[in-house]
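Work through these exercises with the model open beside you. Try each task before you read its solution.

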Amino acid sequence: MGKVRAGSLYTNEETLPSIQWKSQKRVAMGKRSVLVQDGSFATPINDGTLPPESRTARFQLLSPELAIPGSPRPAWVHLSGTGDQGYGMRRDVGALLLQQGVSSIVLEVQSKFPPSLPPFANAFKKELFDTVRKWRANDLCGSLLIMEPDDRNAKLLENFGGVSDMLSLGNATIEETLLMLRWLRAAGFWPLGICGFSMGGVNAVLAAACCREFPVGVVTLCAPYSAVPVYLEGALARACDWRALQRDLGPASSTSTPGAISSYAARRAAEERMAQILTVTDLRRVPPPPVPAATILLQADDDAYVPTDSPEVLAGAWATAEKPEIRRVNGGHVWAFLAQRRAFAQAIIDASDSLSGRFAQPPLSHVQTRPSWPDRLTANRLHN
């Protein structure tokens, strides 16, 4: 069994990202004027596990142009599900939040993938990716590396390069999210939270479990409690190219029994090996969110990809006096994100209100470096 990790593996509480600001524009949104600012910073992962194209984190900051002195300045980091490349879909949720004065950091996921197909491409049929790209909303992973795999699991990961790649990229997402939260806190934003759809929701729970420096809220939409049932029981089980996985296993999946029995045994061997690897994604094995009362889990009733009882499974596994709130929404997996954005945004606002009602803004005595801003004018407008 892997060990549960708490906190960052690459940075300390005083580490802030060195942000390179690239563009800034003002956009009228109803009666509000908002700022949309593009930035990037070097990922803290420096152990050689990421390819060159994945070593720069890019994001957009969406914030009201003028802040009311003395008022809360809530901000949330939005994490994506696989297939939600770029900013567009999550920025739509951010636009709803801006109407209530809530800022957003939208981490880009496109730079995290090779130019051809996302990780796991060696295990899934190309037709599936062609289909989900047209919809621009799907979840093919639900896996993040918050466990340190033991020697046995490490060997298994070597046999599935695509899975290992996705776990490494997920690890980078956790670390980048922690840096963004620290930057937001140092810049005076409060309260703070992490949200995500599908795999992004899994990432949000994992990142929150690592954030023990200050309280954060968590809101998820259609997030599985583990990637194991997603790939072995849900709709994606039919999309997995099990023959390719059997070939990757080599002699381990071979059998001297001919015919259908041989094929079934090989398939079962591939499924069991996949389940062993994906055990590290089980959210029941990680610490509960730091503020269960500011944690809201939304789940679609007709989700064919994610177990619909995932919120209840997690709430039951987290041994806390207070339990996260569970909300049900209509629709299936993809439709929930397309049609339930207002419910998603409202949950984020409610979680922010719960945080601000329970906690005063944490002191910043340990922060030695002021956060970088795109220009002095923007800093003055946001701080005054």
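**Exercise 1. Decide whether Cys210 is buried or exposed.**

Step 1. Take the cut-offs: buried is under 20% relative accessible area, exposed is over 50%, and partly exposed is in between (1.4 Å probe, protein chains only).
Step 2. Cys210 has 2% relative accessibility, so Cys210 counts as buried.
Step 3. Do the same for Cys211: its relative accessibility is 2%, so Cys211 is buried.

This is a predicted model: local features need pLDDT of at least 70, side-chain atom pairs count only at pLDDT 80 or more, and totals for chains, interfaces and linings use all residues. Residues are numbered from 1 along each chain as its sequence is written, and side-chain values use heavy atoms, with hydrogens and water left out.

**Exercise 2. Find how many disulfides the structure has.**

Step 1. Recall the bond: a disulfide joins the sulfur atoms of two cysteines covalently.
Step 2. Apply the cut-off: the two cysteine sulfur atoms must be within 2.5 Å.
Step 3. Searching the whole structure gives zero disulfides.
Step 4. Check Cys210: its nearest cysteine sulfur belongs to Cys211, 8.8 Å away, and Cys210 is in no disulfide.

**Exercise 3. Test whether the length of helix 5 agrees with its residue count.**

Step 1. Helices are DSSP runs (H or I, at least four residues) and strands are too (E, at least two), numbered from the N terminus.
Step 2. The expected span is 1.5 Å times one less than the number of residues.
Step 3. Helix 5 has 12 residues, so it should span 16 Å.
Step 4. Its end C-alpha atoms are 17 Å apart, which agrees.
Step 5. Now look at burial: 12 of the 12 residues of helix 5 are buried. Among them are Met199, Val205 and Cys210.

**Exercise 4. Find which element gives the largest share of the largest nonpolar core.**

Step 1. A nonpolar core is a set of buried Ala, Val, Leu, Ile, Met, Phe, Trp, Tyr and Cys residues joined through side-chain atoms within 4.5 Å.
Step 2. The largest one has 42 residues; Phe59, Val77 and Trp183 are among those with the most contacts inside it.
Step 3. Several elements supply at least two residues each, including strand 4 (56-64) and helix 4 (161-186).
Step 4. Helix 5 gives the largest share of this core, eight residues.
Step 5. Another core, of 23 residues, lies apart from it and includes Trp76 and Leu298.
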